[in-house]
Amino acid sequence: MSVIRIDDLTKRYGEVAANDGVSFDVEAGEIFGYLGPNGAGKTTTIRLLLGLIGPTSGTAEVLGADIRDRRALTEAKANVGYLPDTLGFEERLTGRDALDFFARMRGDERREEVLELFEPPLDRRIETYSAGNRRMLGIVQAFMHDPALVILDEPTSGLDPLKQERMHAFLEDERDAGKTIFFSSHVLSEVQRVCDRVGIIREGELVALEDVETLLKRGGKDVRVQLAEPFDEGRFVTSEMIDVETVDSTVHFTYAGDPAALLEHLVGFEIKDVGIGDPRLEDVFKHYYGDEREGVPAEAR
Amino acid sequence: MTAILRLESGKRVRGSVILAVVFAVLSVLYFSMFPGIQEEMVVFEEAFPEFMFDLFSIEQLYTIEGFIAAEIYSFFWVLLVAIYFAYVAAGLIAADVSDRRMDLLLSTPVSRESVLVQKVAALWVPLVVLNVAVPVIVYLGALAIGESFDPVALAMTHLLSIPYLLVCAGIGLVASVLVDRVRTARGTALTLVFVLWLVEGISSVDPDYEWIGAATPSRYYDQTAILVHEEYALFDAGVLTVAFAVLVGIAVLVFTRRDI
């Protein structure tokens, strides 16, 4: 059963299409990653799903409610949690007062349970909160009424790494308990870490829709190696290295193969320094999706 | 669901109390002045051209009713309190939209109609606080200086001002749903209320142009007529109530159809 069904959804602002014919489904009990660079149109899709903005054409269903049917969508929202990218709270309220308010709006049967994982200072006014505390308060209000669907827009921004990891584990537990999570992010590694399936959006268009395993293979690693001495480039570069750039004795490339194989390969050289990280999302697009959007599954078109 | 009404009501308490205190201070000032200047008011009225009094609908300054109607109600109540209502109403929707609070609020199972109506309903706080505190202060102030008011006329001055203040709030509300920037919405609303008040004042000076004022809310609320002549224009209050309902209706229509 599809919890979210998006059908040719388009939102135009004058000449600019913030969402251009986006279609995909989110199935019950999965963590669906919605990946794209900043400004790609992720938040526009989410705001369309919540009925905050109306579509120019196309439509979508959330828990069976058509987003153009305001009454049905309002009712469906009782079973939806939402963590926006920018959290607007009543600044003068304490965290507890704000949660009490949302409890009156849609219930809070799991408030204490979620507060054990994410603990914003409930007795302080929200205007004194750090970015991390605001985010935690946002997480609590999004989950405390035990919704079937939770829509998260850049949920871990502002959280420290420990809390990010806690969030990822929490989302997996929720998924295992049958919840559906719509997870929007511009961080590739985060989506790879936590999501089951991924839709990639770029300039308002869905360019790919695939399982996370496929994305993991495609993602690759961003590698920078500083060698101790002049080296034989022909011997160093392998077929898994893409976009190789060499400046003096430093080599920068994207590695598309197995990380273990890369490490074994590097041992054969005298190395001063090495850095391995996630590639920039734009690089992934450039390498794997091109501008022609080849290889887009038919269902995503 | 009344959670929004509760929250919004709480937000209105501080401003209402501050305004009531400002009013109390102002009243003490006027009441302490009145006994000393009562005699001079007759001279004062003769010294100024008549249109000055028409402009602010001032009469019988030498009576406590005329003096209070002129000094406190015609300026403070009809203009400043009206602007306060327009200002507050102009922030009701626009402030939440620009601070992104509306996103979270509308992610809950509440209709936009309900959000707007509950926010407007929270204006009961300033309405009650001001309409209870101010007449009590005025009544006691008059007793303190050995004068007295007709309590019915005083109560009617406030009762009949409620539709007037609500229309001013309605103007602010429409600005609030049309304009995204809070400062622009507030600026638009209070300028409109001020200009409408000015137009009504000026148009009432010249009978040839009096008809222009028919489209202004202050035409339908005359504090001097109520306090000095004990004339209660119930029909005019009805006109204002209908105008308020129409403004809220327009605001709902716009708000339910627009992008946030």
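**Note on a predicted two-chain model**

1. In chain A, four strands form an open sheet in the order 2-1-4-5, and their pairing is antiparallel. The sheet is bounded by strand 2 (16-27) and strand 5 (65-66) of chain A, each of which pairs on one side only. The structure discussed here is a predicted model.

2. Helix 1 (residues 42-49) of chain A packs on this sheet, where it touches strand 1 (2-13), strand 2 and strand 4 of chain A. The direction of the helix makes about 115° with that of strand 1 of chain A.

3. At one edge of the sheet, strand 4 (residues 57-62) of chain A is joined to strand 5 of chain A by two bridges, and the two strands run antiparallel. Across this pairing, Val62(A) stands opposite Ala65(A) in strand 5 of chain A.

4. The loop between strand 4 and strand 5 of chain A contains Leu63(A). Although Leu63(A) is not a glycine, its phi is positive, at about 50°. Most residues other than glycine have a negative phi. The relative accessible area of Leu63(A) is 27%, so the residue is partly exposed.

5. A second residue that deserves attention on the same grounds is Glu154(A), which is not a glycine and has a positive phi of about 50°. Glu154(A) lies in the loop between strand 7 (149-153) and helix 6 (161-176) of chain A. Is Glu154(A) buried or exposed? With a relative accessibility of 11%, Glu154(A) counts as buried, because the limit for that class is under 20%.

6. Strand 3 (residues 31-35) of chain A is largely enclosed by the rest of the structure, because five of its five residues are buried. In a regular strand the side chains alternate between the two faces of the sheet. Both faces of strand 3 of chain A are covered: Ile31(A), Gly33(A) and Leu35(A) are buried on one side, and Phe32(A) and Tyr34(A) are buried on the other.

7. Which strands are joined to strand 3 of chain A by bridges? One is strand 8 (residues 180-185) of chain A, which is parallel to strand 3 and linked to it by five bridges. Another is strand 9 (residues 197-202) of chain A, also parallel, with four bridges. Leu35(A) stands opposite Ser185(A) in strand 8 of chain A and opposite Ile200(A) in strand 9 of chain A.

8. The largest nonpolar core comprises 159 residues, and those with the most contacts inside it are Phe24(A), Phe143(A) and Leu116(B). Helix 3 (residues 64-98) of chain B supplies the largest share of this core, 24 residues. Another core, of eleven residues, lies apart from it and includes Met241(A), Val251(A), Tyr255(A) and Leu266(A).

9. Leaving aside residues up to four places away in sequence, Phe24(A) touches Ile4(A), Arg5(A), Ile6(A), Phe32(A), Tyr34(A), Phe182(A), Leu206(A) and Leu209(A). Of these, Phe32(A) and Tyr34(A) are buried residues on one side of strand 3 of chain A.

10. In chain B, helix 1 (residues 3-47) packs against helix 5 (residues 112-121) at an angle of about 35°, and the axes are 8 Å apart. The crossing of helix 1 of chain B with helix 5 of chain B is right-handed. Helix 1 of chain B contributes Ala3(B), Ile4(B), Leu5(B) and Glu8(B) to the contact, while helix 5 of chain B contributes Val115(B), Gln118(B), Lys119(B) and Ala121(B). Five of the contact residues are nonpolar, one is polar and two are charged.

Terms used:
Residues are numbered from 1 along each chain as its sequence is written. Chains are lettered from A and ligands numbered from 1 in the order in which they are written. This is a predicted model: local features need pLDDT of at least 70, side-chain atom pairs count only at pLDDT 80 or more; totals for chains, interfaces and linings use all residues. Side-chain values use heavy atoms; hydrogens and water are left out. Two strands pair if DSSP finds at least two bridges between them. Contact means heavy atoms within 4.5 Å. Axes are lines fitted to C-alpha atoms, for helices over the stretch in contact, and angles run from 0 to 180 degrees between N-to-C directions. A crossing is left-handed if the near helix is turned anticlockwise from the far one by less than a right angle, and right-handed if clockwise. Ala, Val, Leu, Ile, Met, Phe, Trp, Tyr, Cys and Pro count as nonpolar, Asp, Glu, Lys and Arg as charged, and the others, Gly among them, as polar. A nonpolar core is a set of buried Ala, Val, Leu, Ile, Met, Phe, Trp, Tyr and Cys residues joined through side-chain atoms within 4.5 Å. Buried means under 20% relative accessible area, exposed over 50%, partly exposed in between (1.4 Å probe, protein chains only).
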